[in-house]
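Please open the model in your viewer and keep the sequence panel beside it, with side chains ready to be switched on. The tour goes from one selection to the next and says at each stop what is there.

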Amino acid sequence: MTCATDSGLLQVVGNEILAELKEEFVVEITGNVRERAEKYFNDKIITGKIELEAEDIKILSSAAELPFDIRQPELNVTLPTLLDNRSLSFRNQKVSEVFKVQETIVKTFREYLGQQDFTEIQIPTIVATATEGGSELFSLDYFR
């Protein structure tokens, strides 16, 4: 089992105390941090030379089974499933990276245009109406 820390992932080891845990449970774990055996070192993560030996686990919140495995490199799910569970799909590394690239592009454009004395405006009345297909935004006289 691994868990998120302020600096990355940390492997938690224990015996039957970990058996009742499932993915996405929110837990509070107390125990002792110790150095991993050298053959288990993981140089790919910051905390790859230590582990937490669990002494006590408190389940703060249990979770239902996920509709798909967010840790897979590719999310092989149908579009309706993906969109119905969009907040989960953002936690997939590949999906997250796509949105980070998009964020960087938008941020770079915004900074460049700001340096060129452009003024950014947001007109919610156009956006809110246009999302409904534009029928309220552009009037057409059908019957004369």
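Seven salt bridges are counted here, a salt bridge being a side-chain nitrogen of Lys or Arg within 4 Å of a carboxyl oxygen of Asp or Glu. The model is a predicted one, in which local features need pLDDT of at least 70 and side-chain atom pairs count only at pLDDT 80 or more, while totals for chains, interfaces and linings use all residues. Residues are numbered from 1 along each chain as its sequence is written, and side-chain values use heavy atoms, with hydrogens and water left out.

**Stop 1: Arg 71 and Glu 23**

Select Arg 71 and Glu 23, which form a salt bridge with their closest N and O atoms 3.2 Å apart. The pair links distant parts of the chain, with Arg 71 in the loop between S4 and H1, Glu 23 in the loop between strand S2 (8-13) and S3, and 48 residues separating them; helices (H or I, at least four residues) and strands (E, at least two) are DSSP runs numbered from the N terminus. Arg 71 is exposed at 60% relative accessibility, whereas Glu 23 is partly exposed at 43%, where buried means under 20% relative accessible area, exposed over 50%, and partly exposed in between (1.4 Å probe, protein chains only).

While Arg 71 is still selected, add Gln 93: the two C-alpha atoms are separated by 7.4 Å, although the residues lie 22 apart along the chain.

**Stop 2: Arg 91 and Glu 24**

Next select Arg 91 and Glu 24, a salt bridge whose closest N and O atoms are 2.4 Å apart. Arg 91 lies in the loop between H2 and H3 and Glu 24 in the loop between S2 and S3, so this pair ties together parts that are 67 residues apart in sequence. Arg 91 counts as partly exposed at 45% relative accessibility, and Glu 24 also counts as partly exposed, at 30%.

**Stop 3: Arg 34 and Glu 51**

Move to Arg 34 and Glu 51, where the closest N and O atoms of the salt bridge are 2.8 Å apart. With Arg 34 in strand S3 and Glu 51 in strand S4, the pair ties together parts that are 17 residues apart in sequence. Which of the two is buried and which is partly exposed? Arg 34 counts as partly exposed at 35% relative accessibility, and Glu 51 counts as buried at 8%. Before leaving the salt bridges, select Glu 23, Asp 69 and Arg 71 together, since salt bridges that share partners join these residues into one network.

**Stop 4: the strands and Val 27**

Colour the chain by secondary structure to show four helices and four strands, which run β-β-β-β-α-α-α-α from the N terminus on. Buried residues make up 17% of the 144 residues in the chain. Then select Val 27 in strand S3 (residues 26-35), which is partly exposed with a relative accessible area of 22%. Its C-alpha is 4.5 Å from that of Ile 59, a residue 32 places away in sequence.

**Stop 5: Asn 92 and helix H3**

Select Asn 92, in the loop between helix H2 (86-89) and H3, which is buried with a relative accessible area of 1%. Asn 92 caps the N-terminal end of H3, with a side-chain oxygen 3.0 Å from the backbone nitrogen of Lys 94, and the side chain of Asn 92 also reaches the backbone nitrogen of Val 95 at 3.2 Å.

Extend the selection to H3, which has 23 residues and reaches 33 Å from its first C-alpha to its last, close to the 33 Å expected at 1.5 Å a residue; the expected span is 1.5 Å times one less than the number of residues. Just after H3, Asp 117 takes a positive phi of about 65°.

**Stop 6: an aromatic pair**

A search of the whole structure finds one aromatic pair. Phe 90 and Phe 99 form this pair, which is edge-to-face at 4.9 Å centre to centre with 90° between the planes; rings of Phe, Tyr and Trp (its six-membered ring) pair if their centres lie within 6.5 Å, planes under 30 degrees apart counting as stacked, over 60 as edge-to-face and the rest as tilted. Phe 90 counts as partly exposed at 36% relative accessibility, and Phe 99 counts as partly exposed at 33%.

Notes:
Polar contact = N/O pair within 3.5 Å; in protein donor to acceptor, adjacent residues only side chain to side chain.
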